[in-house]
Amino acid sequence: MGCGLRKLEEPEDSSPGKIYSTLKRAQVETHADTVYEYALLDFSLEGSRPTVQYVSSLSELPQALLPYYTQGYVMVALHPIILSVGRARSLPFSLLYRAVLVRPRRSSKQPAAVCSSAPVLRVEEWMLPGESLTGDTVRALIDRVNSSARGGLRFIGSVLQQASGSADGRLSSPKRGRGSPSGSPPGVPARDRELEENGYSPGEAPAAAHSHSDLKLLVFFHAWPPGCAPLDSLACHYHQGALSMRVSRKGHVVSALEADWLELTAAYYRKGWSLVDSFVYWDTPKGEPGPRSLEGLFVYEEGAPPPPANDTIVVEQWTVIEGANTKTDYGPLLHTLAEFGWLLTCVLPTPIMRHDSDGNLATKQVVFLQRPVRGQAAGTPRNPRPLERRSNKEGKLEQRSYPLHRS
């Protein structure tokens, strides 16, 4: 079930990405009892961007998002807009993060909630030893998340950062690149761009090395006043699931990827679980050849009592940045799918970066959405169908079906 993208630079390629779904288009666009409204907010960890809200640390997000929480929105995903790994240093525009917030718009037939208290966004800093996250470390982190869940918290996601070792104490180059984005701005010299594509910063000699220090994981939760947590947030339990990708490289840098997204996630969605976070090990240990595949872990949320099975949509999306502004992203598609009850639960950033013919930087992200199965018994498998999407200027959904193994 390949999902590789054609090169962004091809002039005939007007599609920002591809959609894969367990449903056909007509089923994707059936109406649901609950529809959603999304707010996509971008934040910068450096203050030179007048069009983007500045925060000195992601720990300030609870206060920054408070006006939206008072309007009924809650955060469902947080991710860097640009992600890079290796020895590339963080450049100013790489300190951009996106928070995705959502609020339900229920039909008149549904009963009102007994308690109207909104959750509070909470962020915790968990210090991690060493230069990288291993599988054992991630499993221990999931155990710690489950411990917090037993205390009444609901896990949203996490971002990895350097605890120290950089000039501003915020971001360096952790082995797992979830929170260490970087890239070349339009117009950089060809030599510098080539260096960066191989894991080096502009002006940095290949022999140079950066020291690593301990890592910290910023972990985001929702918390409620006593007695006001919704039933589907009580007694949540979190599980790990396999995440494997076939990758192509330029040097040690990942330049393309393929993954059987539907096969990887189908069994968990049929149980009614939600995909809420991901851990991927993008870097290659020094001196070792770059592998042709990468392994990581998904984190799934299981509610109590068991919820109905879910259908899913997976979008491989190119985000194009023009100057300091986002030119193309998954926003228009997300707003369209919101009207049909599709809930975004996870965004997987990747280190894949390219420049289009106009010199704009483009990076690929993988977006996961879900919706309860309609008109079919829970747990009954669907026939997965990949859909390639072309999004028009109004953000309307235009899809075409293709064979499973279309390259």
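The following questions and answers concern a predicted model, and they take up its four-stranded sheet, its aromatic pairs and its nonpolar cores.

Q: Which strands are the edge strands of the open sheet of four strands?
A: The sheet is open, its pairing is antiparallel, and its strands follow the order S10-S9-S12-S11. Neighbouring strands are turned against each other by 40° on average, direction ignored. An edge strand pairs on one side only, and this holds for strand S10 (253-258) and strand S11 (274-280).

Q: What is the bridge partner of serine 274 in S12?
A: Strand S11 is joined to strand S12, residues 293-302, by six bridges, and the two run antiparallel. For serine 274, the partner in S12 is glutamate 301.

Q: Which helix packs on the sheet with a direction that makes about 175° with that of S9?
A: Helix H4 (residues 135-150) packs on the sheet and touches strand S9 (237-250), S11 and S12, but its direction makes about 145° with that of S9. Another helix, which spans residues 261-270, touches S9, S10, S11 and S12, and its direction makes the angle of about 175° with that of S9. The helix asked for is therefore H6.

Q: How many of the ten residues of H6 are buried?
A: The buried residues of H6 are Trp261, Leu262, Leu264, Thr265, Ala266, Tyr268 and Tyr269. After the helix comes glycine 272, whose phi is positive, near 90°. H6 is mostly covered, and the number of its residues that are buried is seven.

Q: Why is the pair of tryptophan 126 and phenylalanine 221 tilted, and not stacked or edge-to-face?
A: Tryptophan 126 lies in strand S6 (residues 120-128) and phenylalanine 221 in strand S8 (residues 215-223), so their pair ties together parts that are 95 residues apart in sequence. Tryptophan 126 is buried, with a relative accessible area of 2%, and phenylalanine 221 is buried as well, at 0%. The ring centres are 6.3 Å apart, within the 6.5 Å that a pair requires. Planes under 30 degrees apart would count as stacked and planes over 60 as edge-to-face, so the pair is tilted because its planes stand at 45°.

Q: What is the angle between the planes of the rings of phenylalanine 155 and tyrosine 238?
A: Phenylalanine 155 belongs to strand S7 (residues 154-162) and tyrosine 238 to strand S9, so that the pair links distant parts of the chain, 83 residues apart. Both residues are buried. Their ring centres are 5.6 Å apart, and the pair is edge-to-face because the angle between the planes is 85°.

Q: Which residue has its charged end over the ring of tryptophan 126?
A: The charged end of arginine 98 sits over another ring, that of tyrosine 330, 5.5 Å from its centre. Over the ring of tryptophan 126, 4.1 Å from its centre, sits the charged end of arginine 144.

Q: Which residues touch the most other members of the largest nonpolar core?
A: This core has 45 residues, and apart from it lies another core of 29 residues, among them Leu243, Phe298, Val366 and Phe368. Phenylalanine 220 has contacts that include Leu58, Leu61, Leu121 and Ile156, not counting residues up to four places away in sequence. In the largest core, the residues that touch the most other members are Met75, Phe220 and Leu344.

Technical notes. Residues are numbered from 1 along each chain as its sequence is written. This is a predicted model: local features need pLDDT of at least 70, side-chain atom pairs count only at pLDDT 80 or more; totals for chains, interfaces and linings use all residues. Side-chain values use heavy atoms; hydrogens and water are left out. Two strands pair if DSSP finds at least two bridges between them. Axes are lines fitted to C-alpha atoms, for helices over the stretch in contact, and angles run from 0 to 180 degrees between N-to-C directions. Contact means heavy atoms within 4.5 Å. Buried means under 20% relative accessible area, exposed over 50%, partly exposed in between (1.4 Å probe, protein chains only). Rings of Phe, Tyr and Trp (its six-membered ring) pair if their centres lie within 6.5 Å; planes under 30 degrees apart count as stacked, over 60 as edge-to-face and the rest as tilted. A charge sits over a ring if NZ of Lys or CZ of Arg is within 6 Å of the ring centre and within 35 degrees of the ring normal. A nonpolar core is a set of buried Ala, Val, Leu, Ile, Met, Phe, Trp, Tyr and Cys residues joined through side-chain atoms within 4.5 Å.
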